[in-house]
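Student: I have just opened this entry and would like to go through its charged side-chain contacts. Could you guide me?

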Amino acid sequence: VSYELKADRMVSNLITTRPAENEDGYFLLIVSPQEVFAEKDVAKRDIVFVVDVSGSMAGEKLRQTKKAFEFFIKRLNSDDRFNILSFDNNVYSFNPGLLPFNETNRESAVNYIKKLRAGSTTNINQALLDALGNFSPDEKRTKAVIFLTDGEPCGGVTNINQICQNINNANTNDIRLFCVGIGRRLNTTLLNKLALENRGETLFIDESKSEIDSELMAFYKGISTPLLVDPVLEWEGIKVTEVYPKTLPNIYHGTQIVVSGRYSDIQTPRIVLKGDINSAKQSYPISAQFKEKSDDNLFVSRYWGKAKADYLQKEIDAYGYNASKKDEIVFLSKKYQFLTRYTSFLAVSEAHVEQIAKPKKPVNKVVAKNQ
């Protein structure tokens, strides 16, 4: 007999540790959406797919990308609206505006994708501005742009700070921007900055080591069924600081969000997760018990340290090298014992060992690299 249990409501798990009573404790909150849901529980989406068809995309790269974008279209939900933009130095639109998802529009979109051909230079600025122009401020729907490119901006506006400023100014409808970069000739700073400033995420794919289509499909599958939009956590009866991630992502079917932070001043803790589904406000109380003093669950402190270091690294990737942020990353890495691009993992002996003697057991340490 084989059976599987599936949750029919949002569930959460809070884990805390506080090794030193005179210091802030650490918490880890894991929230998982329901596995069993009705169509009305899925957020209605407006989504625009933007695909780079510049000359560098020619060949196998474009073939696999087209296969993945067909997959994206076929996985749209019944209440979704969508459009497709392709671009090289110019921008080409499947439709003048958003279309409802139905069988006729699906088939037309798939045919449009199959006919995409590689062209000339890469006008990222205009492609994204045109994509943002598809959305209406009056529609109470979750809005997203899936943007894929394999190169640097070399057509139209090419200054990355100007591009980011243009997109930020045009994004007046709370649109999430998901940036996918393929290959090694990317301007990762641009993509990281666009995603960070527009509540999105980045995915970078090495075309020489990966199956592009399978990675794209896995990425899209993870964001295809939103069950809670624009989630926020409200804290009462406790002081929480340095919470990561700073902006919560939407909660999607088959995924979970993990939130970590520091806590102090415990009184009567109360946590509520709030968000929207199709303009209907949602609220989920979370059971909250914070320990005054405990050496249990020490891994939570390491998770928090890694989360903070990852956030600082994202800021460096988006805004450029910062010595104080690098020093903080190294400090966190050595204190909480995890690796970063600035540290190495070494095994060193604590005592001198004679050459003829049996070596003593090494001690593992994280040390800073000389950079």
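Tutor: Certainly. Please keep in mind that this is a predicted model. We may begin with D295 and K293, whose side chains form a salt bridge at 3.7 Å, N to O.

Student: Are D295 and K293 buried, exposed or partly exposed?

Tutor: D295 is partly exposed, having a relative accessible area of 49%. K293 is also partly exposed, at 42%.

Student: How many salt bridges does the structure hold?

Tutor: The structure holds 24 salt bridges. One of them joins the side chains of R18 and E292, with an N to O distance of 3.7 Å.

Student: Where do R18 and E292 lie?

Tutor: R18 belongs to the loop between β1 (11–17) and β2 (25–32), while E292 belongs to the loop between β15 (280–286) and α7 (299–319). The pair therefore ties together parts that are 274 residues apart in sequence.

Student: And is R18 buried or exposed?

Tutor: R18 counts as buried, because its relative accessibility is 8% and the cut-off for buried is under 20%. Its partner E292 is partly exposed, with a relative accessible area of 41%.

Student: Let us change topic to helix α7. Which side chains meet in a salt bridge there?

Tutor: Those of D310 and K306 do, at 2.9 Å, N to O. Both residues lie in helix α7, four residues apart, which is about one turn of the helix. D310 is partly exposed at 35% relative accessible area, and K306 is partly exposed at 31%.

Student: Which residues are joined into one network?

Tutor: D46, R81 and R141 are joined into one network by salt bridges that share partners.

Notes:
Residues numbered from 1 in each chain as written. Predicted model: local features only at pLDDT ≥ 70, side-chain atom pairs only at ≥ 80, totals over all residues. Heavy atoms only, no water. Salt bridge = Lys/Arg side-chain N within 4 Å of Asp/Glu carboxyl O. Helix = DSSP H or I, 4+ residues; strand = E, 2+ residues; numbered from the N terminus. Buried < 20%, exposed > 50% of the residue type's maximum accessible area, 1.4 Å probe, protein only.
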